Amino acid sequence: MGSPVKNLHPAEVVERARKAREAQAVWARYSLTQRVRALRGLWAHLMRERGRLAAVIHEETGKPLAEVEAMDVDAAALILRHFTKNAHRLLQDRAVPLPWFLLNKEAHVRYAPRGVIALVTPWNMPFLIPFGDMVPALLAGNAVLLKPSEWTTKTALYLADRMRASGLFPEGLLQVCVGDGAVGAEVLKHADMVLFTGSTATGRKVAAAAAERLIPCVLELGGNHAMIVAADAPLERAAKAAVWGRFANSGQICVGVERCLVHEAVYDAFCARLEAEVKTLRAGSPGTYEQDLGRLIFPGQLAVVERHLADAREKGARVVGGETDAGRTTSSPALVFDAKPGMLVMSEETFGPVLSVMKVARVDEALIIANAGRHGLAASVWTRDLEKGAEWASLLEAGLVSVNDVLIHYAACSLPFGGWKDSGLGRRHGDQGLRMFCEEQSLVIHEWPADTPDLWWFPYGRLKSRALAFLARLG
Ligand code: NDP
């Protein structure tokens, strides 16, 4: 499949990295209060043309307008608020206690910017992910080299343009490097840290490149959300959650529900509700608020959807929906009933409008199936017994788990967000989502006596060794 944009030449990437570095040197001298003010000002600037921002994302991705506003724009506001509100608490120099025998010294932790941060981002959330990760990177005093997906460059360029127009930042603090994976690989050569969001396969390459240069690397990768529906689950909420949790953004959400593992006592009732719910989804008209379904953003994703559905049919599943449109831009919502562990829809991430449903005899069995694969991003359990639910959730091998809820963690941004196993490395959001963009510096100041050597310095001796052992025991 041909690239929709021309790759930036490697020399251009070098030049952008140089400009970013120059801007960072100026930005690092801004006080934290000034940085907070600039980022809040940028948001106010973007919100004065909120409709324009939403339109850029809507046109580029084909997402329903209501979804663009809620998931890309409003969720970004929550992230901005979280980090700007907590920036001083998290980034100011911090005094730390020392063992008492060091009471003549004081210790501090300092948070210094890393320099230039590479944000390599996918096509599914072209504003939320770059903006949400840029905010903490900049608050920490860094510059950003953003490599958006080649399929969603207009949104990234719009953000850079608005940032320039706001006049609140040193010129060149955000640099957008347009192009395919080769440009992404080039960007990594010039950054001091990378935060990558994308597939597990590309994540491995990014980790290898980061290891080569010994730069920190945070990876937010694919998922395969298992939703466990127990016999006592609140079925109406569960069915609506499964449908929204799968078909929002046409299934192109990393934490989206991929597999429902449903207790046999409620399997038929749950399947009937799913079918009824899916029938209510409206294709609608672009640009209106009465549209529930969009299209696939990356056209190549259709091949994955078709392959997974063909495999499920071949292996005996009953597929409802899943028709490809005439222009081959998308597939209608597909429900895969009677799914089995050997099917691709169960073992791999489809990342499209396909929801598989499997009958299980017990929750224990569902937990084993949910944990069987290499992904560990999101998972949920559904039951009216909240205590039992929390216990089952703790047995799920995933970074983001919930009881009777889906797709909530990104907005609950005081929580760390990230995956276990092949779903990632490190976390965004929470406290570490800001501090990870800093080099930590540990400072010790010897206060008194000014001119006397410490006990553990030369010369050594038996008495000294005993005294030191005693002091160490006291802590
Ligand atoms: P990809 O891994 O294909 O691409 C992600 C980004 O990496 C793109 O900008 C891509 O460029 C770039 N890239 C490709 N090769 C390299 C390379 N060798 N070095 C550096 N950069 C490179 O992911 P998709 O864009 O297809 O996104 C879908 C995936 O993202 C799904 O697996 C989804 O689950 C995951 N995701 C994870 C999230 C999380 O927070 N855990 C959130 C959202 C999505 P280009 O596309 O231009 O070729």
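Below is a short conversation about how some terms apply to this predicted model.

User: Before we start, what should I keep in mind about the numbers?

Analyst: This is a predicted model, where local features need pLDDT of at least 70 and side-chain atom pairs count only at pLDDT 80 or more, while totals for chains, interfaces and linings use all residues. Residues are numbered from 1 along each chain as its sequence is written, and side-chain values use heavy atoms, with hydrogens and water left out.

User: Why is the pair of Phe 127 and Phe 131 called stacked?

Analyst: Rings of Phe, Tyr and Trp (its six-membered ring) pair if their centres lie within 6.5 Å; planes under 30 degrees apart count as stacked, over 60 as edge-to-face and the rest as tilted. The centres of Phe 127 and Phe 131 are 5.1 Å apart and their planes meet at 15°, so the pair is stacked.

User: And what makes the pair of Trp 43 and Phe 131 tilted?

Analyst: Here the centres are 5.2 Å apart and the planes are at 45°, an angle that is neither under 30 nor over 60 degrees. Trp 43 belongs to helix 2 (residues 32-48) and Phe 131 to helix 5 (residues 128-139), so this pair ties together parts 88 residues apart in sequence. Helices here are DSSP runs of H or I with at least four residues, strands are E runs of at least two, and both are numbered from the N terminus.

User: Are these rings buried or exposed?

Analyst: Both Trp 43 and Phe 131 are buried, and Phe 127 is buried too. Buried means under 20% relative accessible area, exposed over 50%, and partly exposed in between (1.4 Å probe, protein chains only).

User: How many aromatic pairs are there in the whole structure?

Analyst: A search finds 11. Ring pairs also link Trp 123, Trp 151, Phe 298 and Phe 351 into a cluster.

User: What makes the approach of Leu 221 to the ligand a polar contact?

Analyst: A polar contact is a pair of N or O atoms within 3.5 Å; within protein, one must be able to donate a hydrogen and the other to accept it, and residues adjacent in sequence count only if both atoms are side-chain atoms. A backbone N or O atom of Leu 221 lies 2.8 Å from a ligand nitrogen atom, which fits that limit. Trp 123 also qualifies, with a polar side-chain atom 3.1 Å from a ligand oxygen atom.

User: Which residues of helix 13 are buried?

Analyst: In helix 13 (residues 363-371), they are Val 363, Ala 366, Leu 367, Ile 369, Ala 370 and Asn 371.
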